Amino acid sequence: CARPSTRCRLQLCEGRRYAAVVLRRLRVAARYPGVVAVHKWAIVVAGREVNRALVTSVPSLLSWRRLVAHDLSKLSRAELMPYAWHFADRDRHEPDPAFERAWRHHYEHNDHHPEHFFDEHQTPRRMPDEAVVEMVVDWMAASRAYEGTWPCCGGHWRWLEHSWDRLKLHPANKALAGAIVCALGYRTAIPEYDWDDARQVTDDPAQLDALRAHAATAPPPRFG
């Protein structure tokens, strides 16, 4: 088209728009593995600290296998682009079917999410204790990776303070998760946690008693 017609100009504009979209998707995809890497680094740091702090209280400590394998599915074809695009600079209030499918794939392949154990009525079933420990470590690492800071400041934990009442967990799992949080020095984040009520729903009262004794003197972890 020596003298571009209207049709040629429209085709050129559409081509440029398509190229811009492709380039943006490539940039988003290139950035997201770095986000996952920061989260996995935080998982290792938090996991080692939690294992060190609870070595005398919790027999189901976080194995290196779990630390290394944590969230690797986020780099899979089923999750990478939907996650990357969802957490890019778009309006997250809009329906996002691709992300919903990716999120379902994620919790179906990662048992540190309670949704992994939901039955057909969305009722949470019992998680293994090691998965509960990994879940708490995941909460800590997510705060560091996505909010930029570890839970700290006199035992305060902003995310948990706003989320504890809404967490959908099996009663025994919530009892253990709360005990771990308190034993790590974050008692002020969940002031409504009741040790006696928790003891009524656990099948390992000795473990809960050990965590309670640890919580009586535990300062919040110090992360290097």
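## Aromatic pairs

Helices here are DSSP runs of at least four residues, numbered from the N terminus, and that is how H4 gets its name. The model is a predicted one. Within H4, which spans residues 97-108, Trp103 and Tyr107 are four residues apart, so about one helical turn separates them. In general, an α-helix has 3.6 residues a turn, so residues three or four places apart point the same way.

The rings of Trp103 and Tyr107 do pair up: their centres are 5.1 Å apart and their planes make an angle of 75 degrees. That counts as edge-to-face, because the planes are over 60 degrees apart. As for the surroundings, Trp103 is partly exposed, with 23% relative accessibility. Tyr107, at 18%, is buried, because the cut-off for buried is under 20%.

Looking at the whole model, there are 10 aromatic pairs. Some of the rings join up into a cluster: Tyr32, Tyr83, Phe87 and Phe99 are linked by ring pairs.

## Lysines over rings

Two lysines are worth a look while we're on the subject of rings. Lys168 sits over the face of Phe118, 5.3 Å from the ring centre. Lys174 has its charged end over the ring of Trp164, and there the distance to the centre is 4.9 Å.

## The cavity

How many cavities of 30 Å³ or more does the structure hold? Just one. The largest cavity offers about 50 Å³ of space. Its lining is made up of Arg126, Asp129, Ala172, Leu176, Thr202, Asp203, Asp204, Gln207 and Leu208.

By character, the lining of the largest cavity splits into three nonpolar residues, two polar ones and four charged ones. Helix H7 (171-183) and helix H9 (205-215) each chip in with at least two residues of that lining.

## The two sides of H9

Helix H9 has a buried side, and Gln207, Leu208 and Leu211 are its buried residues. They sit on the same side of H9 because they cover an arc of only 100 degrees around the axis. Gln207 and Leu208 turn up in the cavity story too, as they are among the residues lining the largest cavity.

What does the face of H9 turned away from its buried side carry? On that face you'll find the exposed residues Ala206 and Ala213.

How values were computed
Residues numbered from 1 in each chain as written. Predicted model: local features only at pLDDT ≥ 70, side-chain atom pairs only at ≥ 80, totals over all residues. Heavy atoms only, no water. Phe/Tyr/Trp six-rings, centres within 6.5 Å; stacked < 30°, edge-to-face > 60°. Buried < 20%, exposed > 50% of the residue type's maximum accessible area, 1.4 Å probe, protein only. Lys NZ or Arg CZ within 6 Å of the ring centre and 35° of its normal. 1 Å grid on protein atoms, 1.4 Å probe; cavity = no way out; pocket = protein on both sides within 12 Å on 5 of 7 lines; lining within 4 Å. Points joined across faces, edges and corners; volume = space filled by probe spheres on them. Nonpolar A, V, L, I, M, F, W, Y, C, P; charged D, E, K, R; others polar. Arc of directions from axis to C-beta.
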